[in-house]
Every structure is written in C-alpha cells, then in structure tokens.
Amino acid sequence: MSRVAALYVAPERKAPMRSVPRVEAEAGRGLVGDRHHGTRHRHVSVQSRDDLAAASEAFGAPVPEELTRRTLTLDHGTVPTEPGARLVVGEVVLEVVRRAAPCRVMDTEIGPGAARALHDRGGAIFRVLTSGTIAVGDEVRAG
C-alpha cells in the first residue's frame, strides 16, 4: 500500500510550491490554499516517487518532486491515469480526470530535457469527490 510522502501547494500561478503537512480537500473544489482550488476539474495532481526515480534515470540527474508542480507525491507505486479511476487518500476520494502532462516550465525549473524525461511519468490530475483532510503519511489505495 502506498502512502502520502509529500504535499505541496502554491497560492497562485507561478508561485513557489510550499510543503505542507496536511491540507483540507473540498469536494468539487480542490485543496484549500492551492492555486487550483475552485477550478472545475484540476483539483489535485498526483505523482509517485517510483516514476520520479525513472524520470531521473532518463534525465541523467535528479528530478526534485517539489519542482514538478504536483500537489501530492506517493512514496511508491503506480498512479492510475485512466479517467474515472479512483484513489482513496486517507478519508478523501479522488477521481482521475486525465493524465498529467509535464509542462515546458520543468525544462526551466529543473533543466533542459526534464519535461521529456517526465513524459508518461508525470502522474495524473484528479477531482475531489469527498471532503476531508489529506496528511503526509496517509494510506493511499485504489477506490
């Protein structure tokens, strides 16, 4: 079973990501305090340290999780990317909207070629279906 290894939020677009120990998730709205809170579908972005390790190998240098702009990082495992698939994170149910595509900003923030290394390793974008608290250390399971 995977666990939440890290949580990051940014209050506005292009603001630095800030590590937090817990965050409130609101059904249909997203993570309180994050730039995507209140958007229609892009509530939570999820990545896995296993995929980051593979991206680092392909990139030839570390791919720091905090620079990928994802909000939730799993300690290991595979992030579902099929639309409609669900994850239960602590008490919160998330549903996949789409695969997360790495943006070109990663080439600036991490280094040229980082976005390419993250291709098919960038995790997924989820919507929040049920409200609750998500905290570092919470269990993550298929739902």
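**Group meeting: a walk through one predicted chain**

Leaving aside neighbours within four places in sequence, Ser-56 is in contact with Ala-61, Pro-62 and Val-63. I start there to have one residue to look at while I say that this is a predicted model. Ser-56 sits in helix α1, which covers residues 49-59. Is Ser-56 buried or exposed? Its relative accessible area is 19%, and the cut-off for buried is under 20%, so Ser-56 counts as buried.

Now the whole chain. It has 3 helices and 11 strands. Reading from the N terminus, the order of elements is β-β-β-β-β-α-β-β-β-α-α-β-β-β. The radius of gyration is 14 Å, and the globule rule gives 15 Å for 143 residues; the two are close, so the chain is as compact as a globular protein of that length. Along the principal axes, the C-alpha trace spans about 40 × 30 × 25 Å.

Some totals next. Of the 143 residues, 46% count as buried. The accessible surface comes to about 7100 Å², and carbon and sulfur atoms account for 48% of that surface. The chain carries 20 positive and 18 negative charges, and the mean positions of the two sets are 6 Å apart. How many of the contacts between residues at least 6 apart in sequence join residues at least 24 apart? The figure is 73%.

On to the strands. As a reminder, strands of a sheet pair through backbone hydrogen bonds, and the pairing is either parallel or antiparallel. One open sheet here has 3 strands in the order β4-β3-β10, with antiparallel pairing. Its edge strands are β4, residues 30-31, and β10, residues 132-135, each of which pairs on one side only. Strand β3, residues 22-26, is joined to β10 by 4 bridges. If you want a place to look, find Arg-22, which stands opposite Ala-135 in β10.

Next come strands that pair one after another. Strand β7, residues 86-89, pairs with strand β8, residues 92-99, in the antiparallel sense over 4 bridges. Arg-86 has Glu-95 in β8 as its bridge partner. The hairpin of β7 and β8 has 2 residues between the strands, and in this hairpin Gly-90 takes a positive phi near 60°.

β8 also pairs with strand β9, residues 124-128: they run antiparallel and are joined by 5 bridges. Here Leu-94 stands opposite Val-128, and Arg-98 has Ile-125 as its bridge partner. β9 pairs with strand β5, residues 44-48, as well, in the antiparallel sense over 3 bridges. In that pairing Val-46 stands opposite Ala-124. How many of the 5 residues of β9 are buried? The count is 4, and β9 is mostly covered.

Let me stay with one residue of β7, namely Val-89. Its relative accessibility is 1%, so Val-89 counts as buried. What does Val-89 touch, leaving aside neighbours within four places in sequence? The contacts are Val-4, Leu-72, Leu-94, Ile-134, Glu-139 and Val-140. One of these, Leu-94, is the residue we just saw opposite Val-128 in β9. There is also a distance you can check: Val-89 and Gly-132 are 43 residues apart along the chain, and their C-alpha atoms are separated by 9.4 Å.

Last, two backbone angles. Most residues other than glycine have a negative phi. Lys-14 has a phi near 70°, a positive value in a residue other than glycine. Arg-69 is not a glycine either, and has a positive phi of about 70°.

Where do these two lie? Lys-14 is in the loop between β1, residues 2-9, and β2, residues 18-19. Arg-69 is in the loop between α1 and β6, the latter being residues 72-74. As for cover, Lys-14 has 69% relative accessibility and so counts as exposed. Arg-69, at 18%, counts as buried.

To recap, the chain has 3 helices and 11 strands, and β9 pairs with β8 and with β5. Val-89 in β7 is buried at 1%, and Ser-56, where I began, is buried at 19%. That is all I have.

Definitions and conventions. Residues numbered from 1 in each chain as written. Predicted model: local features only at pLDDT ≥ 70, side-chain atom pairs only at ≥ 80, totals over all residues. Heavy atoms only, no water. Rg over C-alpha atoms; globule rule 2.2 N^0.38 Å. Buried < 20%, exposed > 50% of the residue type's maximum accessible area, 1.4 Å probe, protein only. Contact = heavy atoms within 4.5 Å. Areas by Shrake-Rupley, 256 points an atom, 1.4 Å probe, with all protein chains shown as cover. Lys, Arg positive; Asp, Glu negative; His and termini not counted. Charge placed at Lys NZ, Arg CZ, Asp CG, Glu CD. Pairing = 2+ DSSP bridges.
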